[in-house]
Amino acid sequence: MILPSFALVPAEQVQEALKIETAAYPPDEAGTQETFAYRQSVAPSLFLGVYDQSDNKEKKLIGFICSTLSKSESLAHESMTTHEPEGKTICIHSVCVDPEHQRQKIGSALLKEYIRQWTDGPYDGISLIAHEELIKFYVAAGFKLIGKSEVVHGSKPWFELRYSLHSRIPDTVTQRRILEVLREQSNQSELPRPGKKLASYFQGGASELSDEQGLNKLRLYCPRIPCRSVILLEKSATLGKRSSIMIDNPHNLPPLDLLPHLPTPPEPISAWKIGPPANPMIFENIGFSKTLPVDGPRDDPPGGSRLVKLLTCAECDLGPLGWVEEGSGGTTYWLVINRVGYM
Ligand SMILES: CC(C)(COP(=O)(O)OP(=O)(O)OC[C@H]1O[C@@H](n2cnc3c(N)ncnc32)[C@H](O)[C@@H]1OP(=O)(O)O)[C@@H](O)C(=O)NCCC(=O)NCCS
Ligand SMILES: [Zn+2]
């Protein structure tokens, strides 16, 4: 059983990556010593490896994605060979899994992690070319098929695919969001206006966020700036301190710049509490996961690990922002204080 973990491939491991490339691609398509060393030296942050960490063995590289930047969205031969540092398109040259470990969803997990790392970052999109049989592999990861590519490289035809790193939101724009944007635009000249901030940026800490009764003074939002879906209106939840629980999947951590790490249980955390009993109608927008087992002491009734549902942004799927617990008094919702935005 493979336990994949992800890390950038350092210069010392370029040789190992090349070995995997040579084993996985036909000889007329594989990169060379020079192209690999070049890509790693000019764009090290775009060279992501997937490692096997099972059996506590030494971490072993079993696959990678390597790319350079291009100023053009569409892939021509030029963008396949030169790194353009001002480019806004991540141009993937290779997605590769060691033949021994193929068809175990490692390539899919690696691609997903790559996309996650660059979503809402500085680049506009990810482009690549692939043979016909792999189109479905990329489409399943969210890429759109652009069409047949003009690139000739090796003997088989290539198809161009693109993933847009910013366009996730407009697909799911709601009437509410449109009204919000219009309201925001008409408010723009009114100063001062509190910006959307994460709790951790509030100088006064949690006390600035809650009133005398402990209720949330501000509206709760999705912390992803381009999304900003409203989660909960003012005065709907009470600030509570409780022990942390492990809601993150350690093999697929959420974007930690948006969703800070939770401390190891039973370290305390601050979270907004709704209920028990609580009704899902209290939320403006929220997504629920299926029921999962998680580690960490129970609050009610006290005990060990428990089953919870995770709470995510209904608009952009960012999460977990919190979780749902079933206790003796009914359902309780918890939203981690620094995993939501405020306005
Ligand atoms: C392409 C590659 C990265 C996929 O990695 P992987 O870990 O084997 O892929 P996954 O297990 O995540 O595949 C998920 C799904 O994608 C599709 N898929 C993956 N590889 C495929 C292949 N070679 N042919 C057809 N479909 C494929 C299948 O639908 C697969 O699901 P299934 O196994 O249940 O049928 C890997 O096969 C590889 O390194 N190939 C050689 C290098 C290469 O051609 N890279 C792509 C350059 S564009
Ligand atoms: Zn969101």
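The exercises below work through one predicted model, each with its solution.

Local features in this predicted model need pLDDT of at least 70, side-chain atom pairs count only at pLDDT 80 or more, and totals for chains, interfaces and linings use all residues. Residues are numbered from 1 along each chain as its sequence is written, while chains are lettered from A and ligands numbered from 1 in the order in which they are written.

**Exercise 1. The chain as a whole**

State how many helices and strands the chain has, and what share of its residues is buried.

Solution. Helices (H or I, at least four residues) and strands (E, at least two) are DSSP runs, numbered from the N terminus. The chain has 6 helices and 18 strands. A residue is buried if 20 or more other C-beta atoms lie within 10 Å of its own, exposed if 12 or fewer, and partly exposed in between, with C-beta atoms placed from the backbone. Of the 343 residues, 32% are buried.

**Exercise 2. The two sides of helix 1**

Find which residues of helix 1 are buried and which are exposed.

Solution. Helix 1 covers residues 14–24, and Val14, Ala17, Leu18, Ile20 and Glu21 are buried in it. These residues lie on the same side of helix 1, because they cover an arc of only 160° around the axis (the arc is that of the directions from the helix axis to the C-beta atoms). Gln15, Lys19 and Ala23, on the other side, are exposed. The packing partners of the buried residues are helix 2 (33–42), strand 3 (60–70) and strand 4; two residues are in contact if their C-beta atoms, placed from the backbone, lie within 7 Å.

**Exercise 3. The sheet of 7 strands**

Give the strand order of the open sheet of 7 strands and name the strands at its edges.

Solution. Two strands pair if DSSP finds at least two bridges between them. The order is 1-2-3-4-5-7-6, and the pairing is mixed. Strand 1 (4–8) and strand 6 (144–148) are at the edges; each has a single partner strand, so one side of each is left without a neighbour in the sheet. On average, neighbouring strands of this sheet are turned by 25° against each other, direction ignored. Strand 6 is joined to strand 7 (residues 159–164) by 4 bridges, and the two run antiparallel. In this pair, lysine 148 stands opposite phenylalanine 159.

**Exercise 4. Helix 4 and glutamine 117**

Determine which strands helix 4 lies across, and whether glutamine 117 is buried, exposed or partly exposed.

Solution. Helix 4 lies across strand 1, strand 2 (48–52), strand 3, strand 4, strand 5 and strand 7, and runs at about 40° to strand 3. Axes are lines fitted to C-alpha atoms, for helices over the stretch in contact, and angles run from 0 to 180 degrees between N-to-C directions. Glutamine 117 belongs to this helix, which spans residues 106–118. Glutamine 117 is partly exposed because 14 other C-beta atoms lie within 10 Å. Proline 254 is 137 residues away from glutamine 117 in sequence, yet their C-alpha atoms are 9.2 Å apart in space.

**Exercise 5. Strand 15 and its partners**

List the strands joined to strand 15 and the sense of each pairing.

Solution. Strand 15 (residues 306–312) is joined antiparallel to strand 13 (residues 287–288) by 2 bridges. Here glycine 287 faces threonine 312. Strand 14 (residues 292–294) runs antiparallel to strand 15, with 3 bridges, and leucine 292 stands opposite valine 308. Strand 16 (residues 322–327) also pairs with strand 15 in the antiparallel sense, over 3 bridges.
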